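The following exercises concern ring pairs, residue surroundings and helix packing. Please work through each task before reading its solution.

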Amino acid sequence: MNIWKISLKNLLHRPLYAVLAIVSLSISIGLLLGIQQLDGSIRNQFENGLGNVELVVGAKGSPLQLVLSSVLHIDQPTGNIPYPEVERLAKNPLVKAAVPISYGDNYKGYRIVGSTPGFATLYGAELLEGRAVKEAMEVIIGNEVAQELGLRLGDTFLSSHGFAENALEEHDQAFTVVGIYKPTYKVIDRLICSNLKSIWDVHDHGKGNEEARDREENGHHPEGHDESHETHAHVPEDPMHGHELEDKEVTSILLTFRNPMGLLTLPRTINKDTNLQAALPKYELERLFRFTGIGVKAISWIAYIILVISCMTIFIGLYKMVRERAFDLALMRTYGAGNFQLACIVGFEGLLMVLASVVLGLIFSQVGLQLLLSLFKSQIQQGIALVFSAEQTIRTLLVVFSISVLSVLMALLPLLRMNISKVLSDEK
Amino acid sequence: MVEIRNLSFQYASHTPVLRFPDIHLKEKERLLILGRSGVGKTTLLHLMAGLLTPKEGLVKIGDVDINTLSDRALDRFRGRHIGMVFQNNHALRSLTVLENIKARLFFSGKSMVDKDIETLLGQLQIGDCKNQKINELSVGQLQRLGIAMAFVHRPRLLLADEPTSSLDDLNCATVLQLLKQQAEKNKANLVVITHDKRIKSAFKNVITL
């Protein structure tokens with residue numbers, strides 16, 4: 001027999017109270033840890049997803065939309081920009097690399113991005129197997145795409161127009177998988193990467209078909225095609241000729257700089273002097289987090305309120321127990337137990353509840369997050385790697401322990417003031 | 001050996017001072033303290049157990065003046081050398097009979113193997129309910145458990161507060177017999193306080209308050 005065993009027996013003697021107190025406290029702990037871990041994981045995912053991209057240049061519109069669409073690939077693009085802008089920016093002495101990207105299609109929800117070899121460099125992506133893209137209609141797939149879709153080297157597939165899986169608007173030119181990237185835990189893991197010519201070819205071909213159909217139906221040449229196709233550039237078969245590239249368009253340009261001066265001056269110059277828009281990914285994400293932070297804070301406050309209510313439940317339960325079991329406690333004094341031992345019995349009972357709540361809360365948070373993330377993945381094909389911050393978890397648990405211990409200590413007050421002789425006489 | 005001299009107690013400054021007669025008990029001696037309600041019987045018992053601090057006077061058990069001990073030392077002394085029996089024999093409700101006995105031994109800092117505890121419970125005819133919770137016991141079984149709890153750690157002094165007041169004649173005689181047997185076996189002093197005059201004839205030493 002020992003004090004812990006007596007505390008445990010006391011706790012099990014009142015199962016309903018114990019279960020209610022533990023469940024309510026564990027919900028608040030789970031909510032607190034869960035929301036903090038989710039917030040941290042999303043931030044990490046977004047910030048990590050940026051790769052080395054320091055500036056993104058695209059069509060005028062919302063800068064946040066430009067970053068979300070061209071860097072994180074979770075939104076619609078703002079429009080297209082002329083290809084010659086790529087060359088103009090690449091010649092700027094402050095620019096280390098200007099990587100054009102063009103996109104607008106998907107395969108089973110995974111975006112197909114046309115770019116240059118510099119695109120993989122931005123994300124530090126290396127080939128796991130296969131080779132680099134040499135010809136149009138060849139692709140290297142991100143590791144998550146390979147895992148989720150089960151694509152292997154040599155497999156072919158037809159892309160669909162837009163960003164959602166769509167069998168009705170399928171293009172008729174097949175892409176061939178020639179490489180698979182190693183996992184990077186960045187956005188490139190869920191992209192299908194090709195060269196610009198592939199994207200242009202697919203849409204030129206589509207345009208050709210539409211023009212032929214229009215000619216048959218209307219007897220004249222259309223001025224353009226489907227509005228959503230306007231986000232894609234159109235080029236002749238061979239993009240190697242400079243004069244042919246002049247007519248082409250890309251969706252955006254991803255930039256890295258040689259030194260911080262570029263970051264300070266170029267965005268302002270582009271936004272002021274050109275028809276283009278320059279957006280700083282880190283700055284835009286910070287802005288986004290400021291907005292979403294309000295929601296995170298609101299949920300955190302709700303969790304803290306539940307925490308305080310749960311601790312009050314523990315306090316009331318223990319306080320009531322001390323009063324109701326005054327005779328039991330007095331009896332233990334006659335057995336030779338000191339006040340400290342009695343305080344330990346009551347305190348351990350509270351501590352056992354807190355410990356059980358912490359364990360259950362951790363399980364709640366992890367199970368809840370896994371469910372939430374699998375929901376995210378099935379809804380928006382956006383896998384989020386959970387990041388566990390030991391420091392933040394310890395900080396949160398310290399707050400939980402402090403409030404809980406305070407509740408337990410308050411419950412001990414009547415015990416310390418107890419008049420043993422009076423309790424024994426009254427109960428006699 | 002128990003010695004009480006010039007003992008007095010006052011609950012509050014506006015309440016009367018209670019004064020108690022001197023008591024001197026040699027080893028194994030038994031004493032009955034009789035008195036009507038409100039004369040201070042329980043107060044005297046609690047002073048002897050160190051649960052109350054006297055206004056003045058001496059309470060000596062063995063060679064120890066218990067009022068010179070620190071709080072923790074007094075708790076330990078009480079746990080090791082004093083056993084108490086109450087009118088309603090309470091025990092810890094969350095524990096079984098066996099666990100209650102073990103808890104009693106734990107707090108008194110003594111130990112006993114399970115077999116010896118079971119022998120004791122068997123002698124008190126509650127061996128069969130060793131794994132039962134307290135709320136599953138009858139009044140008679142509870143009374144016996146109370147006596148087991150008071151003696152299991154082999155105290156020098158057993159204090160019984162109205163142990164027979166709520167019992168019928170048969171059970172009264174049984175409980176008294178058990179108390180005397182256990183006191184004899186443990187060579188302990190037995191002090192019973194009661195207003196129950198049925199047991200007066202069972203004691204040679206009787207004090208009326």
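Two residues are in contact when heavy atoms of each lie within 4.5 Å. The model is predicted.

**Exercise 1. Describe the surroundings of A:Tyr123.**

Solution. Begin with the location: A:Tyr123 sits in the loop that joins helix H5 (118-122) to strand S5 (127-130) in chain A. Next, set aside the neighbours within four places in sequence and list the remaining contacts. These are A:Gly49, A:Leu50, A:Gly51, A:Val53, A:Val71, A:Thr184, A:Lys186, A:Val187, A:Ile188 and A:Leu254. Finally, consider A:Pro183, which is 60 residues from A:Tyr123 along the chain; the two C-alpha atoms are 11 Å apart.

**Exercise 2. Classify the aromatic pair of A:Phe119 and A:Tyr123, and state whether each residue is buried or exposed.**

Solution. The whole structure, over all chains, contains eight aromatic pairs. In the pair of A:Phe119 and A:Tyr123, the ring centres are 5.2 Å apart and the planes make an angle of 70 degrees. Planes over 60 degrees apart count as edge-to-face, and the pair is accordingly assigned to that class. For accessibility, the cut-off for buried is under 20%. A:Phe119 has 2% relative accessibility and is therefore buried. A:Tyr123 has a relative accessible area of 1%, so this residue is buried as well.

**Exercise 3. Classify the pair of B:Phe9 and B:Tyr11, and give the accessibility class of each residue.**

Solution. The centres of the two rings, B:Phe9 and B:Tyr11, lie 4.7 Å apart. Their planes stand at 85 degrees, so the pair is edge-to-face. B:Phe9, at 7% relative accessibility, is buried. B:Tyr11, at 49%, is partly exposed.

**Exercise 4. Which residues join A:Tyr107 in one aromatic cluster?**

Solution. The cluster consists of A:Tyr107 together with A:Phe157 and A:Phe175.

**Exercise 5. Characterise the packing of helices H3 and H5 of chain B.**

Solution. First, take the geometry: the axes of H3 (residues 97-108) and H5 (residues 139-151) of chain B come within 9 Å and cross at roughly 25 degrees. Angles under 35 degrees count as roughly parallel, and H3(B) and H5(B) are therefore roughly parallel to each other. The crossing of H3(B) with H5(B) is right-handed. Secondly, identify the residues that meet: H3(B) supplies B:Val97, B:Asn100, B:Ile101 and B:Arg104, while H5(B) supplies B:Leu145, B:Ala148 and B:Met149. Sorted by class, this contact comprises five nonpolar residues, one polar residue and one charged residue.

Methods
Residues are numbered from 1 along each chain as its sequence is written. Chains are lettered from A and ligands numbered from 1 in the order in which they are written. This is a predicted model: local features need pLDDT of at least 70, side-chain atom pairs count only at pLDDT 80 or more; totals for chains, interfaces and linings use all residues. Side-chain values use heavy atoms; hydrogens and water are left out. Rings of Phe, Tyr and Trp (its six-membered ring) pair if their centres lie within 6.5 Å; planes under 30 degrees apart count as stacked, over 60 as edge-to-face and the rest as tilted. Buried means under 20% relative accessible area, exposed over 50%, partly exposed in between (1.4 Å probe, protein chains only). Helices (H or I, at least four residues) and strands (E, at least two) are DSSP runs, numbered from the N terminus. Axes are lines fitted to C-alpha atoms, for helices over the stretch in contact, and angles run from 0 to 180 degrees between N-to-C directions. Angles under 35 degrees count as roughly parallel, over 145 as roughly antiparallel, 65 to 115 as roughly perpendicular and the rest as oblique. A crossing is left-handed if the near helix is turned anticlockwise from the far one by less than a right angle, and right-handed if clockwise. Ala, Val, Leu, Ile, Met, Phe, Trp, Tyr, Cys and Pro count as nonpolar, Asp, Glu, Lys and Arg as charged, and the others, Gly among them, as polar.
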